[in-house]
Amino acid sequence: MSDYKIIFSGPVGAGKTTAIQSISDILPVTTDEQASDMTRNLKNGTTVAMDYGLIKLPGTERIHLYGTPGQERFDFMWEILSNGGIGLVLLINNQRPDPFGDLHFFLNAFQAFIKQGKVVIGVTRMDQAEMPRIEDYHLQLENSGVKIPVFDIDARIRKDVSILLEALLYSLDPGIEE
Amino acid sequence: MSDQQASPIRVAAIGMDQRQRNALVMLFNSHCHKRYILVEEESSEICIIDLDLYGGERLWQEFRQRHPDRPLILASLKPRQVENGHTLFVKKPIPIIQLMNAIGQLSQTLNNRTAEQQIDPVASPETTPSLPQKPRHPAAPVTRKVASLMTEAQETVFIGTSPDIDPDNQQQLAKIYYDPQHYLQGHVQQALNQATRYNKNVTIEGPWPAIDLIIANQQIMVDAGEKHLRPFCTVPDATREVELRFHEQHKPTTGRKEYSVYAFIWQLALWASRGRLPSGTNLNQPIYLRRWPNFSRLVVTPHALAIAALWSRNPRSLIDTANSLGISQRYVFAFYSAAHALQLAGETRRAVDTLLEPPVIEQAKHRGLFSKLLNRLRG
C-alpha cells in the first residue's frame with residue numbers, strides 16, 4: 001500500500017476542517033473540542049491536534065489529508081504533519097482582521113513548500129468580507145518568486161475544494177494526463 | 001525499561017492548556033522515541049513557556065522566582081534576547097529540530113549539573129536529586145460560486161469543434177481569428193474601462209436584455225438568463241447601436257441575474273471566441289500568464305488548469321503549448337482569449353523570451369498518482 005499526504009493549513013476559522021470533510025472518502029476524524037479562548041468568537045470548536053481525512057484511489061494508493069491546528073501556538077505540529085507531503089493547501093479567512101498578515105505568516109512557516117511551488121491558496125468567507133479581493137492577494141505574492149494559484153472558495157462546496165487540489169496537481173506537473 | 005536505560009527527561013508546559021499539552025505529547029511520542037515525557041511543573045526538569053499566551057511574561061517572571069536555575073525554553077513570535085546558561089529562546093513557528101535542539105542542550109546542562117553534584121555534595125536544593133542519577137540521554141540534537149467544469153455539450157458551445165491548423169497555411173490561419181470589438185464582449189470591456197475611469201455605474205443598452213455594471217461591487221446585473229443572452233454574444237455586429245448610459249445611483253431590483261464582472265467578461269469572451277483568437281495574436285510569440293485566473297468562480301474550459309500551470313512556469317507560444325500538452329489548439333486558443341479579455345495573459349515583448357526554446361515539461365515522480373487523484377476528484 002502506498003500512502004501520500006496533502007496538508008491543509010491556515011488560521012483559525014479558515015475552513016480546514018470543513019474542506020477536508022468536503023472531499024474525504026471517510027468520515028473525517030477531527031479532534032475539535034469546545035473553544036475556550038480567543039477562538040471562541042470565530043468558531044464553536046477549534047482543532048486540537050489535527051484533522052484527518054482520506055481519499056482512496058484505485059489500487060492500493062491512498063491520499064491522507066491532514067489539517068494543521070489553527071492556532072499559532074501549535075505551530076511545531078506543522079512540521080510533523082507536513083514532512084513528506086505532496087503539497088500544501090493554504091486557506092485564508094478573509095473575515096479575519098489581518099488576512100495578509102495571516103498569509104505571510106503561513107507562507108513563511110511553510111517556505112519549503114512555497115519554494116517548490118507545492119502550494120495553492122484558497123480564500124474563504126469572501127461572501128462575508130469582499131475585501132481584500134483575490135487580485136490583492138496576488139499583489140501580496142508578487143515577491144514570492146512563483147505564481148501561486150489563489151481562488152475564492154467555499155470550503156463547504158466539494159467542487160471548490162476539488163479545483164483547488166486540481167490546481168495543486170497541475171502546478172506540480174502540468175503534463176498530467178486526464 | 002531496564003535499569004541500564006536512562007529514564008525520560010521530564011518536561012513541563014507552564015501555563016499551557018490541554019490542547020497545547022496534547023500537541024507536545026504527540027511531538028514527544030512521534031519524534032523523540034520516548035526520551036521526553038510531559039509532566040506537571042512540580043516534577044519537571046525542563047520547562048517551556050509560550051510568551052505569547054495571555055500573561056506569558058508574568059508566568060516567566062513568577063517561574064524564575066520559584067525556580068531560579070531550572071532549565072527553561074521560551075517561545076514567542078517576536079524574537080527575544082533572553083538566552084543564558086539555563087534559558088533558551090526559540091522563535092515561533094518552532095521548527096521541530098530547533099525545539100529538539102533546545103531540549104537537548106538543556107538536557108546537557110542537567111547532565112553537567114548531575115556530574116558536578118556527584119563531585120560536590122553541597123549542591124543547591126533545586127537540582128539535588130534525592131537518589132543518585134544516571135547521566136541522561138546524550139544531548140546530541142535529534143537529527144529529523146463553484147468551479148464549473150464543462151460538460152461535452154457546453155464544450156461545443158464554448159470551444160467549438162475546429163480542427164488544428166497548420167500555422168503556415170494562410171487559408172487556415174484566416175479562420176482562427178475574431179475581433180472582440182465586434183461582439184458584446186468588446187462593448188462590455190469598453191464599458192468596464194470607462195466605468196472604472198469615471199468611477200460610475202453604467203448601463204449597456206442595445207437589443208440585448210438590459211446589462212448594468214455596478215462599479216463599486218465589480219458586479220454585472222442582467223435582466224435575463226444565459227439562454228437569452230448568448231445569441232447576442234456569438235454573433236458579430238449584433239447591433240451597431242450601443243449606448244453606454246452612466247449613472248451614480250443604482251436601484252437594486254429583484255429577479256436579475258448577478259455575475260462578477262470578471263466572470264461575465266470571461267464567459268462572453270468564450271462565447272465570442274469559440275476556440276478562436278483575438279485578431280492580431282501572434283501564434284509564435286510566447287504567451288505569459290500574469291496570474292492564475294480565479295478558476296473557482298469561472299467556467300473552466302478543458303485543459304485550462306494545465307495551460308495556466310504551464311504558462312505560470314515559463315512563457316510559451318500557443319502552438320508550442322498545444323504540442324507540449326498534446327491537446328487540440330482550440331482549447332489553448334479559447335483559454336487564451338478568455339484570459340486575454342481579463343488582461344491576465346498576453347504576448348511577451350522581451351527578446352529573452354524568444355531566445356531560447358521553452359523547456360520540456362518535466363515529468364513529476366508521482367505523475368501516475370496525480371493522474372489517478374485528478375480523475376478521482378473529477379469523478
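This is a guided tour of a two-chain structure, moving from one selection to the next in the viewer, and the model is a predicted one.

**Chain B as a whole**

Begin by selecting chain B, in which there are 13 helices and 16 strands. Of the 379 residues of this chain, 36% count as buried.

**The parallel sheet of chain B**

Next, select strands β1 to β5 of chain B, which form an open sheet whose pairing is parallel and whose order is β2-β1-β3-β4-β5. At the edges stand β2 (36-39) and β5 (87-91) of chain B, and because each has a single partner strand, one side of each is left without a neighbour in the sheet. From one strand to its neighbour in this sheet the turn is 25 degrees on average, with direction ignored.

Now narrow the selection to β4 (residues 72-76) and β5 of chain B, which run parallel and are joined by 5 bridges. For one of these pairings, label Leu74(B), whose bridge partner in β5(B) is Phe89(B). Then add helix α2 (residues 56-66) of chain B, which packs on the sheet and touches β1 (9-14), β3 (46-50) and β4 of chain B. The direction of this helix makes about 155 degrees with that of β3(B).

**The antiparallel sheet of chain B**

Further along the chain, select strands β8 to β12 of chain B, another open sheet of 5 strands, this one with antiparallel pairing and the order β11-β8-β9-β10-β12. Here the edge strands are β11 (243-247) and β12 of chain B, each of which pairs on one side only. The twist from one strand to the next averages 20 degrees.

To follow the pairings across this sheet, start with β8 (residues 201-205) of chain B, which is joined to β11(B) by 5 bridges, the two strands running antiparallel. In that pairing, the bridge partner of Asn201(B) is His247(B) of β11(B). Helix α8 (residues 261-273) of chain B packs on the sheet, where it touches β9, β10 and β12 of chain B, and its direction makes about 95 degrees with that of β12(B). Helix α6 (residues 184-198) of chain B lies across β8, β9 and β11 of chain B, running at about 155 degrees to β8(B).

Move on to β9 (residues 211-214) and β10 (residues 219-222) of chain B, which run antiparallel and are joined by 4 bridges. The hairpin of β9(B) and β10(B) has 4 residues between the strands, and in it Gln218(B) takes a positive phi near 50 degrees. A useful residue to label is Met221(B) of β10(B), since Asp212(B) stands opposite Met221(B), and Met221(B) also stands opposite Glu258(B) in β12(B). The pairing of β10(B) with β12 (residues 257-260) of chain B is antiparallel and extends over 4 bridges.

**A pair of crossing helices in chain B**

Select helix α9 (residues 304-313) and helix α10 (residues 318-325) of chain B, whose axes come within 11 Å and cross at roughly 115 degrees. The crossing of α9(B) and α10(B) is right-handed. Ala306(B), Ile307(B) and Leu310(B) of α9(B) make the contact with Thr321(B), Ser324(B) and Leu325(B) of α10(B). By class, this contact has 4 nonpolar, 2 polar and no charged residues.

**Two helices of chain A**

Turn to chain A and select helix α1 (residues 16-23), which is mostly covered, with 8 of its 8 residues buried. Among the buried residues of α1(A) are Lys16(A), Ile20(A) and Ile23(A).

Then select helix α3 (residues 99-109) of chain A and colour its buried residues, namely Pro99(A), Asp102(A), Leu103(A), Phe106(A) and Ala109(A). These buried residues lie on the same side of α3(A), because they cover an arc of only 135 degrees around the axis. On the other side of α3(A), Gly101(A) and Asn108(A) are exposed.

**Where the chains meet**

Finally, show both chains together and select their contact, which takes 46 residues from chain A and 45 residues from chain B. On the side of chain A that touches chain B, the elements that give two or more residues are β3 (45-56), α2 (76-82), α5 (134-140), β7 (150-152) and α6 (158-172) of chain A. Of these, α6(A) gives the most, with 11 residues. Coloured by class, the residues of this side of chain A divide into 28 nonpolar, 5 polar and 13 charged.

Notes. Residues numbered from 1 in each chain as written. Chains lettered and ligands numbered in written order. Predicted model: local features only at pLDDT ≥ 70, side-chain atom pairs only at ≥ 80, totals over all residues. Pairing = 2+ DSSP bridges. Axes fitted to C-alpha atoms, helices over the stretch in contact; angles between N-to-C directions. Contact = placed C-beta atoms within 7 Å. Buried ≥ 20, exposed ≤ 12 C-beta atoms within 10 Å, placed from the backbone. Arc of directions from axis to C-beta. Left-handed = near helix turned anticlockwise from the far one by under 90°. Nonpolar A, V, L, I, M, F, W, Y, C, P; charged D, E, K, R; others polar.
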